[in-house]
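Good morning, and thank you for joining. I would ask you to keep the sequence and the structure in view while I speak.

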Amino acid sequence: MSNTKKFGTFAGVFTPSILTILGVIMYMRLGWVVGNAGLLGAILIIIIAHVISISTGLSVSSIATDKKIGAGGIYYVLSRSMGVPIGGSIGIALYVGTAFSIALYLIGFAESFNGYFGFGMTINDYRVTGTIALVVLTALALISTSAAIKSQYFILGAIVLSLVSIFFGSPDFAPQSVPMFSSGGAVPLEVVFAIFFPAVTGFTAGIAMSGDLEDPKRSIPRGTLFAIGVGLLVYLVLAVFIAYTINADVLKTDYNILMKVAFFAPAVIAGVWGATLSSALGGILGGPRILQAMSVDKVTPRFFAKGSGESNEPVNALLLVFLIAEAGILIGELDVIARVVSMFYLTAYGFINISYFLESWANPDFQPTFKIKRWIGLVGFVACFGVMFKLDMIAMIGALAVISGLYFMLQRKEVKINSTDIWKSVWENVVNKGLMKIDTKHDINASWNPNIILFSGSSEHQGYLLELSKAISGKIGVVTNFKLIVDKKNKIPLKKTEQVVREDIYNDLGIFARQIKVDNLYKGITNIATTFGFSGIEPNTIMMGWPKGLEGSSEYEEMTETLLYLDYNLLYLDFDRKSKFGRYQTIDLWWRETDSKNAEMMLNIARFIIAAPKWDQTSIRVLFVDNNDVNPTIIQAKIAKLVEDLRVLVEIVIVENVVDQIPFYDLIKKYSKSTDLTVVGIPNYKIEKQAQFILKTNDLFETIGSTLLVKAANNFNVLDLDFVEVK
């Protein structure tokens with residue numbers, strides 16, 4: 001049993017969070033904010049900024065009391081809720097942002113430290129002081145996390161003393177009147193807000209210590225929200241005190257005014273140094289734990305998962321933090337980096353909020369002990385991205401571009417963890433509500449959306465039938481392919497998990513695939529057609545290969561009769577193994593007077609097919625056989641009107657057959673011999689004449705290329721193809 005040192009709420013969450021919140025902004029910029037925005041303007045800025053921190057704190061606290069929280073802080077929360085691609089991309093961005101923020105804090109410390117002791121004030125001098133401070137803090141973290149945590153108590157004490165010194169300070173700079181809002185010559189409020197906002201981003205410092213907490217579910221909500229609340233109170237009280245104690249003109253120009261009004265200036269200096277060093281130390285402690293957790297999940301190289309000692313201190317990850325922070329110190333000019341880093345934090349907060357919203361909305365297993373209203377997460381999400389857009393649109397685009405790149409990289413990497421993410425529940429919820437909506441608004445006269453049950457068999461040409469079925473289904477149609485395994489005994493069915501088929505050929509086309517055992521193929525097809533489906537998108541079409549050689553089969557005859565009785569649309573493809581689908585450039589639709597229902601279905605099929613990439617250059621012909629000596633102009637006009645209503649561009653060909661009375665199939669052989677796909681309607685016939693129909697059709701298929709036979713269900717409109725006016 002490990003004797004690893006674990007921390008409670010105060011030491012592990014509250015202290016690192018409040019030390020980062022009460023940082024450089026409070027000492028060096030809060031007075032400037034009040035001077036430029038006025039008292040009420042400053043209070044408004046403080047409150048708006050805390051809307052984000054409070055909503056995010058509430059969201060992460062709620063999630064923390066539902067899930068087991070491990071090491072990695074925000075990364076762990078997001079990866080277990082929204083999946084590894086999102087959690088990992090945000091985690092990597094936060095890790096790099098945290099490392100660079102260490103450099104920003106230490107450069108701020110160097111400026112104050114060098115100025116106080118009269119050391120050099122050049123960028124190289126700041127680099128030296130910042131590097132020394134980084135080495136000392138890193139050594140402290142390497143020696144003992146416990147010692148680093150305990151050192152924060154002294155820093156917290158220094159900040160408290162500095163605040164006391166400020167509140168008991170000199171009234172020499174008191175204003176004659178207190179401006180409530182910004183006055184002439186003031187910096188725009190958007191810029192003021194942008195300068196102040198980093199003050200409220202420190203509350204996640206404690207969350208990053210999640211793996212080192214005795215009870216994360218208890219400590220994270222209490223420590224985080226307490227730190228945010230104390231920070232809000234301090235900022236509001238200090239803003240009011242500053243407004244009534246110091247002249248606005250002085251506040252606008254003197255960043256060090258708090259030191260000058262303080263009762264004991266060295267206490268404020270100690271507070272500034274404590275704030276910068278503690279913020280840097282918080283990054284040094286929290287950043288490596290994020291990388292270590294990601295490496296354990298194989299999001300980042302396993303090398304960084306290695307720890308040291310009983311507490312598994314993230315030594316390798318800490319060294320990388322040191323190198324990134326040192327690179328930032330050596331660069332010196334971090335304005336651009338700082339903007340993007342702020343965007344990374346805002347992006348993370350936005351995803352935490354939307355994570356909570358989706359969890360509470362869609363996940364039936366989400367049962368946090370710390371309950372809040374669902375809309376809080378949505379408000380936080382909107383606020384985060386609204387602020388990002390308002391503060392710096394270019395930096396926002398840059399941050400989102402980087403995070404999107406990381407997301408797609410991790411998605412391709414297909415990292416697996418023993419956790420389910422929220423998206424499955426989200427889609428299930430959306431599908432469920434959508435199906436209910438569709439089912440309650442069922443309209444028998446609505447346009448045809450194919451939901452196809454496909455029996456493609458197993459052959460080297462199976463792919464062409466799958467391809468055509470997907471083309472016919474259009475953009476929103478559903479295709480489910482069934483593989484029937486004949487097992488005469490059929491005593492043990494396949495398990496539900498074994499019935500699902502996941503192969504590349506189906507995944508690439510977007511076709512669902514199942515396999516089941518049957519004792520008879522025809523009975524199997526009948527049973528599936530009778531029972532398969534669910535409310536909202538009931539199957540409406542059966543598609544399979546043309547049954548050559550079954551003209552004498554009574555079982556096939558019974559199956560066909562059942563399918564017709566169930567009122568399915570029937571599609572049979574006779575695939576020409578030599579010509580295949582040719583060049584995917586010509587489709588012929590054959591019509592006769594008896595195709596009044598089939599005609600509309602053919603036009604719909606053609607409309608869907610030509611929307612598929614391979615068929616997008618296809619020309620369509622409608623060939624109507626005139627056996628009754630009707631005026632061609634009348635036929636042409638009527639078919640053109642029917643076609644126009646269905647928005648299909650076709651060439652209309654009228655085949656005169658009054659004199660010669662050539663059999664229908666012979667005309668097809670003559671006109672469609674070289675067509676890439678010929679579509680022909682199945683006429684109404686008595687079931688006992690099915691064998692004769694199959695034999696005649698087989699003879700047709702010997703001459704022409706790939707052909708699709710169609711039989712429309714009763715839900716299709718009857719197109720009036722009965723032309724009676726003679727010449």
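I shall go through aromatic pairs, charges over rings, one helix contact and a few loop residues.

Please bear in mind throughout that this is a predicted model.

I begin with the aromatic rings. The structure holds 32 aromatic pairs. Let me take the pair of F10 and Y153, whose ring centres are 6.1 Å apart. The two planes stand at 25 degrees, and because stacking requires an angle under 30 degrees, this pair is classed as stacked. Where do the two partners lie? F10 belongs to helix α1, residues 9-21, and Y153 to helix α7, residues 145-167. The pair therefore ties together parts of the chain that are 143 residues apart in sequence. As for accessibility, F10 is partly exposed at 43% relative accessibility, and Y153 is partly exposed as well, at 35%.

Another pair is formed by F113 and W273, with ring centres 5.2 Å apart and planes at 50 degrees. That angle falls neither under 30 degrees nor over 60, so the pair is tilted. This pair, too, links distant parts of the chain: F113 sits in helix α5, residues 84-117, and W273 in helix α13, residues 265-296, with the two positions 160 residues apart. Is each partner buried or partly exposed? W273 has a relative accessible area of 16% and is buried, whereas F113, at 22%, counts as partly exposed. The boundary is 20%, so the two residues fall on opposite sides of it. F113 and W273 also belong to one aromatic cluster, which they form together with F109, F117 and F119.

I turn to charges over rings. The charged end of R607 sits over the ring of F608, at 5.0 Å from the ring centre. Likewise, the charged end of K696 sits over the ring of Y665, here at 5.9 Å from the centre.

Next, a helix contact. How do α22 and α23 run relative to each other? The axes of helix α22, residues 521-531, and helix α23, residues 554-565, come within 9 Å and cross at roughly 10 degrees. Since an angle under 35 degrees qualifies, the two helices are roughly parallel. On the α22 side, the contact is made by Y522, I525, T526 and A529. These meet E555, Y556, M559, T562 and L563 in α23. By character, the residues of this contact divide into 6 nonpolar, 2 polar and 1 charged.

Finally, the loops. Most residues other than glycine have a negative phi. Against that background, I would point to K298, whose phi is positive, near 65 degrees. K298 lies in the loop between α13 and α14, the latter spanning 315-331, and is exposed, with a relative accessible area of 53%. Q661 also has a positive phi, near 50 degrees. Its loop runs between β8, residues 651-656, and α26, residues 664-671. At 46% relative accessible area, Q661 is partly exposed.

One further loop residue is Q617, located between α24, residues 598-609, and β7, residues 619-626. Q617 counts as exposed, at 61% relative accessibility. Its C-alpha atom is separated by 9.7 Å from that of R583, which lies 34 residues away along the chain.

That concludes the presentation. Thank you for your attention.

How values were computed: Residues numbered from 1 in each chain as written. Predicted model: local features only at pLDDT ≥ 70, side-chain atom pairs only at ≥ 80, totals over all residues. Heavy atoms only, no water. Phe/Tyr/Trp six-rings, centres within 6.5 Å; stacked < 30°, edge-to-face > 60°. Helix = DSSP H or I, 4+ residues; strand = E, 2+ residues; numbered from the N terminus. Buried < 20%, exposed > 50% of the residue type's maximum accessible area, 1.4 Å probe, protein only. Lys NZ or Arg CZ within 6 Å of the ring centre and 35° of its normal. Axes fitted to C-alpha atoms, helices over the stretch in contact; angles between N-to-C directions. Parallel < 35°, antiparallel > 145°, perpendicular 65-115°, else oblique. Contact = heavy atoms within 4.5 Å. Nonpolar A, V, L, I, M, F, W, Y, C, P; charged D, E, K, R; others polar.
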